[in-house]
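Let's take a walk through this structure together, beginning with the overall fold and ending with a few individual side chains. Keep the viewer open as you read.

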Amino acid sequence: MTEQIMKGIARLLDSDTASSAQKTQLHPVLRLLGVFACILFCALSRNSIFVIGVIAVSLVRIAMLPPRRMAGVLRPVLVPVLLTCLVLLPSVFMGHPRTMLTVALKVFASASTLALLNESVPWKDITGAFAALRMPDIFILTLDMTVRSIVLLGRLCRSMGEAVSLRSFKGPDTARDGRSLVRRERDRTRRDAAGGLLGTVFIRSGMLAERTSEAMTCRCFDGTYRLYKKHKWNIWDAAYVLVLMVLAAAFFYTQSLII
């Protein structure tokens, strides 16, 4: 679970370089508002018609992606869905199986829209969209620095863990009681290595914070996020606004249906 979360966060930052050549024709603010509206409507929906419609559109969009990108979108979506089904499994035995199905569908719809946003919009454009929406600079700065620090320190911790594992030695010697001496020694080594890893990561986090602060000071960064490149509105933006209006109309129409 932790490794999947780390890989998902790492794809946020890797998209800055991998998707830099793929300039989107839609305004990132519209994409962000569309995702938030879709998640909000799915959460407020009283029946499954609207949610199933969102899932169908998301699956069609995912099917249009290349196989590698398709797997990158579906893999992080399945984890929260399976976790939701596991948490709500007792409701099935208590005579409410529809509760688990409804919540699982809503989680799948929300997670798929977020995964598509992550796949199609670089992280720098997402932070730029927050700045365009007049979000507080401290919120954007905290979110940006937190995500990047988690990724950098997570990669460091993983590399150190692999180095410790490669240097471990397993021997055939056993104790009188039948328990392997090497196994007990390996357990003790792992506990010591875990403490060393946490200590090293803590020290490196302090060094990373200090270097980041110095770099920001040298570049005269005062904590204000500015947009130096403005997006020109085009016909695709107008079409997306029309899609959002259709989405809102479909939501209010489906709520009048009794299922």
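The paragraphs below move from the whole chain to a salt bridge, a nonpolar patch, a buried glutamine and the cysteines.

Before anything else, please bear in mind that this is a predicted model. Its secondary structure comes to 10 helices and 0 strands, so if you trace the chain along its sequence you will read the pattern α-α-α-α-α-α-α-α-α-α, with helices defined here as DSSP runs. Of the 259 residues in the protein chain, 30% are buried. The accessible surface of the chain amounts to about 17200 Å², and carbon and sulfur atoms contribute 67% of that area. Contacts across the sequence are well represented too: among contacts with a separation of 6 or more, 78% are between residues 24 or more positions apart.

A good place to zoom in is the salt bridge. The structure holds 1 of them, and it is formed by the side chains of arginine 69 and glutamate 119, with an N to O distance of 2.9 Å. Because arginine 69 sits in helix H4 and glutamate 119 in helix H6 (residues 97-120), the pair ties together parts that are 50 residues apart in sequence. As a general point, side chains of opposite charge can pair when their charged atoms come close. How do the two partners stand with respect to the surface, buried or exposed? Arginine 69 is partly exposed, at a relative accessible area of 24%, whereas glutamate 119 counts as buried, at 17%.

Stay with helix H4 for the next stop. Which residues make the nonpolar patch on the surface? They are Leu83, Leu86, Val87, Leu89, Val92 and Phe93, and together they form a patch of about 600 Å². Helix H4 (67-87) and helix H5 (89-93) each supply at least two of the patch residues. From helix H4 comes leucine 86, which is exposed with a relative accessible area of 58%. From helix H5 comes leucine 89, which is partly exposed at 36%; this still qualifies for the patch because the cut-off for membership is over 30% relative accessible area. If you look from leucine 89 to leucine 101, 12 residues apart along the chain, you will find their C-alpha atoms separated by 9.9 Å.

Now turn to helix H10 (residues 235-255), where you will find glutamine 255. This residue counts as buried, at 11% relative accessibility. What does glutamine 255 touch, leaving aside residues up to four places away in sequence? The list is Leu44, Ser45, Arg46, Asn47 and Phe50. With arginine 46 there is also a close pairing of atoms: a polar atom of the glutamine 255 side chain lies 2.8 Å from the backbone nitrogen of arginine 46. The side chain of glutamine 255 has a further polar contact, of 3.4 Å, with the side chain of threonine 254.

Last come the cysteines. A search of the whole structure finds 0 disulfides. Why is cysteine 38 not bonded to cysteine 42? The cysteine 42 sulfur is the closest cysteine sulfur to that of cysteine 38, but at 4.3 Å it is too far for a bond, since a disulfide requires sulfur atoms within 2.5 Å. Cysteine 38 is buried, with a relative accessible area of 8%, whereas cysteine 218 is exposed, at 66%.

How values were computed:
Residues are numbered from 1 along each chain as its sequence is written. This is a predicted model: local features need pLDDT of at least 70, side-chain atom pairs count only at pLDDT 80 or more; totals for chains, interfaces and linings use all residues. Side-chain values use heavy atoms; hydrogens and water are left out. Patches are made of residues with over 30% relative accessible area and no salt bridge: like charges are joined within 9 Å, nonpolar side chains (Val, Leu, Ile, Met, Phe, Trp, Tyr) within 5 Å. Accessible areas come from the Shrake-Rupley method with a 1.4 Å probe; for residues, only the protein chains shown count as cover. A salt bridge is a side-chain nitrogen of Lys or Arg within 4 Å of a carboxyl oxygen of Asp or Glu. Helices (H or I, at least four residues) and strands (E, at least two) are DSSP runs, numbered from the N terminus. Buried means under 20% relative accessible area, exposed over 50%, partly exposed in between (1.4 Å probe, protein chains only). Contact means heavy atoms within 4.5 Å. A polar contact is a pair of N or O atoms within 3.5 Å; within protein, one must be able to donate a hydrogen and the other to accept it, and residues adjacent in sequence count only if both atoms are side-chain atoms.
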